[in-house]
Amino acid sequence: LTAGLAPATTLAHVQEIWEKAAGGAIAGAARPTAERNGVLTVTCAAAVWAQELNLMSDELISRLNGELGEQRIRELRCRTG
């Protein structure tokens, strides 16, 4: 039932698969908060996590797109908040 209530946006889909694609440690310290034209914004608990995710961006994008089943994410932007 809840899957039917979720909006059919790329951000909503990414938020659903985030923990599986990113892993538990990353999911505990960062969360996807916005998406526009394939650019995913991830809000991190600390600057060190933002820096780490920037370094891992290619791998994370690949995992996310793999879970989504298509190339929806092309860039990752990490910020603290």
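**Two cysteines and the core around them**

Let's start with Cys78: its relative accessibility is 17%, and since buried means under 20% relative accessible area, Cys78 counts as buried. Keep in mind that this is a predicted model. Cys44 is buried too, with a relative accessible area of 1%. So do these cysteines form a bond, or what keeps them apart from one? A disulfide is a covalent bond between the sulfur atoms of two cysteines. Here the sulfur of Cys78 has its closest cysteine sulfur in Cys44, 4.8 Å away, which is too far for a bond. The cut-off for a disulfide is 2.5 Å between the sulfur atoms, and by this rule the count is zero disulfides.

Now follow Cys44 into strand 2 (39-44). How many of the six residues of strand 2 are buried? Six of the six are. In a regular strand the side chains alternate between the two faces of the sheet. In strand 2, Val39, Thr41 and Thr43 sit on one side, with Leu40, Val42 and Cys44 on the other, and both sides are covered.

Strand 2 also has partners. Strand 1 runs antiparallel to strand 2, joined by six bridges, and Arg31 stands opposite Thr43. In the hairpin of these two strands, two residues lie between the strands, and Asn37 takes a positive phi near 50 degrees. Strand 3, in contrast to that antiparallel pairing, runs parallel to strand 2, again with six bridges. Thr41 has Arg77 of strand 3 as its bridge partner.

Next comes the core. In soluble globular proteins, nonpolar side chains tend to be buried together. The largest nonpolar core here has 21 residues, and Trp18, Leu40, Val42 and Leu53 have the most contacts inside it. Helix 2, strand 2, helix 4 (47-55), helix 5 and strand 3 (75-80) each give two or more residues to this core. The largest share, six residues, comes from helix 2. Leu53 takes us back to the start: among the residues it touches are Val42, Leu60, Leu76 and both of our cysteines, Cys44 and Cys78.

That leaves helix 2 itself, residues 10-22, which bends by about 45 degrees at Glu16. Its buried residues include Leu11, Val14, Ile17, Trp18 and Ala21. What covers the buried residues of helix 2? Helix 3 (24-29), strand 1 (30-36), strand 2 and helix 5 (57-68) are among the elements that do. Right after helix 2 comes Gly23, with a positive phi near 100 degrees.

Notes
Residues numbered from 1 in each chain as written. Predicted model: local features only at pLDDT ≥ 70, side-chain atom pairs only at ≥ 80, totals over all residues. Heavy atoms only, no water. Bend = angle between axes of the 7 residues up to and from the residue. Helix = DSSP H or I, 4+ residues; strand = E, 2+ residues; numbered from the N terminus. Buried < 20%, exposed > 50% of the residue type's maximum accessible area, 1.4 Å probe, protein only. Contact = heavy atoms within 4.5 Å. Core = buried A, V, L, I, M, F, W, Y, C linked by side-chain atoms within 4.5 Å. Pairing = 2+ DSSP bridges. Lists of a residue's contacts leave out its neighbours within four places in sequence.
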